[in-house]
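Work through the exercises below with the sequence and the model side by side. Try each task before reading its solution.

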Amino acid sequence: MSSSSDSPESPSATSLPSLEQLHISDAPLRPPTLPKPFPFFLLPPELRSRILSLLLCPNSRPTVDLSDVNHLTSTSRLNYFLVSKRFGSEAYHIFYSSHTFRIFQIDSRFYGKRTLPLLARLPVHYLNVITSLELRLGVAWSKPPKPWVVNEGLGLEDCQNVRTLKIFVEVDPSSPVFKGYRLEHDFYTDFCGVILRQIMERLPVLETVEYDAYPSVDRNGALMTRLIDETMKGKKRIVWGRERNWGDSLDDKLEMARERARAKANAQGGNGS
């Protein structure tokens, strides 16, 4: 008696179709139909700007600085600049006008004498659309980095739309806790005051200076007092950042009024000398 596997009606014998059962068409193969490109530039400018903002500007919008992790945070977005010449033109306006750019690098790996700051690396047409810059103070307070020099090569004069300068103070070396570690009591205070004055003089349309700091920084300390005096002499508006919320209480407002009066008296004294 033969086994069931030898039966002509077994599944193995009928699983494959015969050549006669195959229907092979003589018609030529057609390539798959590709979707038509979306007419992006037929959209109104407002919608294009909104779409580009979603692509290029994350909700957090971190400050852009020289860093070895830029390839993780920014490169993927900057690739949109390469889509086409027109797309890239609209994209860079959105990216550079929507982010804050740090004037001097704070990563110690970029402290070399010949390491250019980020602004000095950018072409003029990028600098022209930047609206916000940041100066971070307190880093390397015992020995300011060599690239921290305000000169023509930095490109501040080309920042023709920067109306806000954000200053964040990490530490104030004039505090008594730094006694014995600093070079001189007023060394870093004077350094920061001169840097701020030079920056304000070179930014053509600067209107506002925003101050913020870590909790250990005293707003009435030597460093903050010098910075605020320089800002008032430069006739710039002062606002406070979210970290400390300075200026909200009545005492803060009274102290601010006294600081304005002191700066005004100093200015008048300088004019009369």
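**Exercise 1. Lay out the sheet: give the strand order, the edges and the twist.**

Solution. Five strands form an open sheet, ordered β1-β2-β3-β4-β5, with parallel pairing. Strands here are DSSP E runs of at least two residues, helices are H or I runs of at least four, and both are numbered from the N terminus. Two strands pair if DSSP finds at least two bridges between them. Next, the edges: β1 (100-102) and β5 (237-240) each pair on one side only. From one strand to the next, the twist averages 25 degrees.

This is a predicted model, in which local features need pLDDT of at least 70, side-chain atom pairs count only at pLDDT 80 or more, and totals for chains, interfaces and linings use all residues. Residues are numbered from 1 along each chain as its sequence is written, and side-chain values use heavy atoms, leaving out hydrogens and water.

**Exercise 2. Find the partners of β3 and the helices on the sheet.**

Solution. Start with β3 (residues 164-169): six bridges join it to β4 (residues 208-213), and the two run parallel. Within this pair, I167 stands opposite Y211 in β4. Now add helix α8 (residues 187-202), which packs on the sheet and touches β2 (132-137), β3 and β4. Its direction makes about 170 degrees with that of β2. Helix α9 (residues 222-233) lies across β2, β3, β4 and β5, at about 170 degrees to β4. Axes are lines fitted to C-alpha atoms, for helices over the stretch in contact; angles run from 0 to 180 degrees between N-to-C directions. Contact means heavy atoms within 4.5 Å.

**Exercise 3. Check the length of α2, then sort its faces.**

Solution. Helix α2 (residues 45-56) has 12 residues; at 1.5 Å a residue it should span 16 Å, and its end C-alpha atoms are 16 Å apart, which agrees. The expected span is 1.5 Å times one less than the number of residues. Its buried residues (under 20% relative accessible area, with a 1.4 Å probe and protein chains only) are R48, L52, S53 and L56. Seen down the axis of α2, they fall within an arc of 135 degrees, so they line one face. The arc is that of the directions from the helix axis to the C-beta atoms. The face turned away carries E46, R50 and L54, which are exposed (over 50%). Among what covers the buried residues are α4 (75-78) and α5 (85-98).

**Exercise 4. Is L127 buried or exposed, and which residues does L127 touch?**

Solution. L127 is found in helix α7 (residues 124-127). L127 has a relative accessible area of 3%, so it is buried. Leaving out residues up to four places away in sequence, L127 touches L119, L122, G155, D158, C159 and Q160.
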